[in-house]
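Here is a short set of exercises to work through with the model open beside you. Try each task before reading its solution.

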Amino acid sequence: MTEIHKTKELPKITTHVLQEMKLRGEKIAMLTGYDYSMAKLLDEAGIDVILVGDSASNVMAGHATTLPITLDQMIYHASSVMRGVKRALVVVDLPFGSYQGNSKEALNSAVRIMKESGANAVKMEGGKEISESIDRILSAGIPVLGHLGLTPQSINKFGTYVVRARETKEAEKLKEDALFLERAGCFGVVLEKIPAKLAAEVTESIKIPTIGIGAGPHVDGQVLVLHDMLGINQEFSPRFLRRYHNLHDEIIGSFLSYIHDVKSADFPNSKEQY
Ligand code: KIV
């Protein structure tokens, strides 16, 4: 609890603060969040960045991929998160199909997210191939977080969720894309499921912060999907995932107790009624 009270005095996180953290060598802690109650807890604990990830498509809606989630649904999740946050920087994924087509559509999507949710920045998957969209969004004053390596919106192109950029050609392209994102003006880049050595090289080569997920320790920050790190989702257990809790068993245990108490007429008791 003492720790929590201290975090209340911490300054509001901006993209500028993240840049300073990289310069100071202070690691950036980022987790995904999709709703008001969890966002409030994350913020209270002092998380630096909340990513309203399109992984909501998997963990909140039960889809097999991130592809089906819509812009309206992302805005719903983002505005719920914003109502719970005082300090953290909130970044929202532009969902599949809302920015790849043309840069005007990309700008409209990003503007809708910023206006309708009040979030602080957007995240986009890809490098040079989406340069026009990135430029246009940045020109409108909207901060952009890049995302390279395993980019789940391209799962149909990759065909699998295995580690990316093990081969020299793909690794070289990733390095070029990271430099491109820095020059374009992105405030950071997520590196997903790539060899730790490559992530370290990229982190050394650019001035903007790198946030890793399955990218080893030599990055400027880490991100995990909330449901995975809390152990709600038991089916997903890649090597990079550290589980901080076994909420699956805890929650099931609570449900079992409740069902038992209702069925045995133990709940409500004399003190739990008017
Ligand atoms: O959608 C998401 O949760 C993400 C993280 C895995 C980086 O993009």
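The exercises below go from domains to helix pairs, then to backbone geometry and single residues.

This is a predicted model, in which local features need pLDDT of at least 70 and side-chain atom pairs count only at pLDDT 80 or more, while totals for chains, interfaces and linings use all residues. Residues are numbered from 1 along each chain as its sequence is written, and side-chain values use heavy atoms, with hydrogens and water left out.

**Exercise 1. Find the domains and state how far apart their C-alpha centres lie.**

Start with the bounds, which come from an automatic or database domain assignment. Domain 1 covers 7-243 and domain 2 covers 246-274. Next, take the C-alpha centres of domain 1 and domain 2: they lie 38 Å apart.

**Exercise 2. Describe how α5 packs on α6.**

First locate the helices, which are DSSP runs (H or I, at least four residues; strands are E, at least two), numbered from the N terminus. Helix α5 spans residues 71-82 and helix α6 residues 103-117. Then fit the axes, lines through C-alpha atoms over the stretch in contact, with angles from 0 to 180 degrees between N-to-C directions. The α5 and α6 axes are 9 Å apart, at an angle of about 35°. Now the hand: a crossing is right-handed if the near helix is turned clockwise from the far one by less than a right angle, and left-handed if anticlockwise. For α5 and α6 it is right-handed. Finally, list the contact (heavy atoms within 4.5 Å): α5 supplies L71, D72, I75, A78, S79 and M82, and α6 supplies S109, R112, I113, E116 and S117. Sorted by type, the residues of this α5 and α6 contact are five nonpolar, three polar and three charged. Here Ala, Val, Leu, Ile, Met, Phe, Trp, Tyr, Cys and Pro count as nonpolar, Asp, Glu, Lys and Arg as charged, and the others, Gly among them, as polar.

**Exercise 3. Now it is the turn of α7 and α9: at what angle do they pack?**

Helix α7 (residues 131-139) meets helix α9 (residues 168-184) at about 25°, with axes 10 Å apart. So α7 is roughly parallel to α9, the word for angles under 35 degrees (over 145 is roughly antiparallel, 65 to 115 roughly perpendicular, the rest oblique). The crossing of α7 and α9 is right-handed. S131, I134, D135 and L138 of α7 touch F180, L181 and A184 of α9 in this contact.

**Exercise 4. Look for unusual backbone geometry.**

Recall that most residues other than glycine have a negative phi, and most peptide bonds are trans. Then check the exceptions one by one.

- The F267 to P268 peptide bond is cis, with omega near -5°; P268 lies in the segment after α12 (247-263).
- K193, not a glycine, has a positive phi of about 45°, and sits in the loop between β6 (188-192) and α10 (196-205).
- A265 has phi near 60° and lies in the segment after α12.

**Exercise 5. Is H77 buried or exposed, and what does H77 touch?**

Buried means under 20% relative accessible area, exposed over 50%, partly exposed in between (1.4 Å probe, protein chains only). H77, in helix α5, has 10%, so H77 is buried. Leaving out residues up to four places away in sequence, H77 touches Y34, V52, A56, M60 and I69. For contrast, Y244 is at 51% and therefore exposed.
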